[in-house]
Amino acid sequence: MNLRVGVIGTGAIGADHIRRLTTVVAGVEVVAVTDIDADRAQAVAGTVGARTVPSALDVVAASDVDAVVVTSWGPSHEEYTLAAVAAGKPVFCEKPLATTAAGCERIVRAETAAGRRLVQVGFMRRYDAGHRALRDTLAAGKIGPALLVHAAHRNRSASVGHYSSDMAVTDTAVHEIDALRWILDTDFAAATALGPRRSSTAPEGLADPQLLVLETTTGVLVDIEVYVNCRYGYDIRCEIVGETGTVALADPAPVAVREGGAVTGALHTDWQERFAAAYDDELRDWVAAATAGTATGPTAWDGYAAAVTTDACLAARATGVRTPIAVPTPPALYRAV
Ligand code: NAP
């Protein structure tokens with residue numbers, strides 16, 4: 001029998017994950033959806049033969065929903081993920097797991113009390129071939145121990161409306177923070193936040209770009225540029241400098257065109273295109289585990305550790321001083337992962 005899924009939030013990524021769950025991933029069907037905008041929910045549900053229900057908690061409670069996908073906006077994630085855990089239903093929650101470490105900790109506590117993994121966080125970089133190759137190269141010792149990391153997260157333009165300077169950290173840089181914690185296999189120990197003058201491409205009030213400088217507990221220095229109105233393309237960059245070599249994400253263009261005295265190659269335009277295969281694989285993984293009543297991908301603890309780090313980045317930006325980060329030892333439930 002197929003895994004029967006309910007989806008909370010039918011915006012950009014909710015609609016894309018519903019398409020994926022109904023046309024790409026096997027062994028799953030979407031049976032119920034909701035969104036704060038009922039018309040939007042109806043429009044998306046209609047394309048896949050799902051029904052709409054009035055609220056997120058109705059999705060979680062529905063007797064024909066075996067597992068839940070949370071793709072509403074960040075501040076609502078904690079409540080809906082906690083509800084799914086309380087109902088004993090596996091839940092895939094888009095990042096951020098919660099917007100603060102305190103919110104993530106409540107989810108960790110609930111899952112730990114349940115005594116089994118139920119939560120997967122949407123840190124899809126861990127399923128991306130390029131990021132896996134960075135990790136494998138480092139783990140194989142090919143460039144020696146890491147010393148420095150230079151990373152950049154550039155979007156053509158920030159979504160209008162509620163996107164804020166804080167979200168550039170909690171919703172955007174959080175991807176680099178989780179991916180590098182995983183690639184370097186270490187937690188962060190301190191954060192400093194810097195910024196140049198505001199770009200004239202940025203909407204009023206948005207600090208853009210921002211530069212985060214993170215120190216790991218193992219002494220690696222990581223700089224993360226977040227520039228969400230760069231205009232020229234969607235560009236995810238990462239170079240790790242080791243003691244005897246470097247490893248970097250490759251340019252995305254499959255070919256380089258030499259013509260008219262120039263070499264050119266295409267860039268990605270958005271995250272849907274850049275990480276399409278990674279989103280497919282993270283949901284395949286989630287469906288397989290949820291069908292068995294559990295979760296195996298990025299954990300609630302990973303969401304918590306990332307949020308402890310983004311909290312420190314926000315504090316560093318607010319105070320202008322280097323801010324220590326202390327990620328505690330994970331509970332036993334997460335230690336074997
Ligand atoms: P979006 O297009 O704004 O969609 C969010 C949807 O959730 C909207 O339809 C929104 O309605 C709805 N919503 C808000 N509060 C709700 C509630 N309480 N109950 C039900 N629905 C609610 O945003 P998005 O780009 O899809 O992002 C959604 C989440 O996914 C965010 O946390 C974001 O960080 C994450 N995301 C992750 C990735 C990734 O690479 N992993 C990529 C994109 C997004 P309104 O528009 O009326 O508020």
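This is a short dialogue on reading a ligand site and a few backbone features in a predicted model.

Trainee: What should I know before I start?

Mentor: This is a predicted model, where local features need pLDDT of at least 70 and side-chain atom pairs count only at pLDDT 80 or more, while totals for chains, interfaces and linings use all residues. Residues are numbered from 1 along each chain as its sequence is written, and side-chain values use heavy atoms, with hydrogens and water left out.

Trainee: Which residues come nearest to the ligand?

Mentor: A residue is near a molecule if one of its heavy atoms lies within 4 Å of it. Here 23 residues surround the ligand, and Asp35, Arg40, Tyr80, Lys95 and Tyr279 come nearest.

Trainee: And which atoms lie 3.3 Å and 3.2 Å from a ligand oxygen?

Mentor: For histidine 77, a polar side-chain atom is 3.3 Å from an oxygen atom of the ligand; for histidine 175, a polar side-chain atom is 3.2 Å from one. The protein covers 81% of the 900 Å² of accessible area that the ligand has on its own (Shrake-Rupley method, 1.4 Å probe).

Trainee: Which elements give two or more residues to the shell?

Mentor: Helices are DSSP runs of H or I with at least four residues, strands are E runs of at least two, and both are numbered from the N terminus. Helix H1 (12-23), helix H4 (77-86) and helix H7 (165-184) are the ones that do so around the ligand.

Trainee: Is aspartate 235 buried or exposed?

Mentor: Buried means under 20% relative accessible area, exposed over 50%, and partly exposed in between (1.4 Å probe, protein chains only). Aspartate 235 counts as buried because its relative accessibility is 6%, and it is found in strand E11 (residues 235-242).

Trainee: What does its side chain contact?

Mentor: A polar contact is a pair of N or O atoms within 3.5 Å; within protein, one must be able to donate a hydrogen and the other to accept it, and residues adjacent in sequence count only if both atoms are side-chain atoms. The aspartate 235 side chain makes one with the side chain of tyrosine 232 at 2.6 Å, and another of 3.5 Å joins it to the arginine 237 side chain.

Trainee: Where are the cis peptide bonds?

Mentor: Look at omega. From lysine 95 to proline 96 the bond is cis, with omega near -5 degrees; aspartate 208 and proline 209 are also joined by a cis bond, with omega about 0 degrees.

Trainee: What about phi at aspartate 185?

Mentor: Aspartate 185 is not a glycine, yet has a positive phi of about 55 degrees. Aspartate 185 sits in the loop between H7 and E8 and is exposed at 66% relative accessible area.
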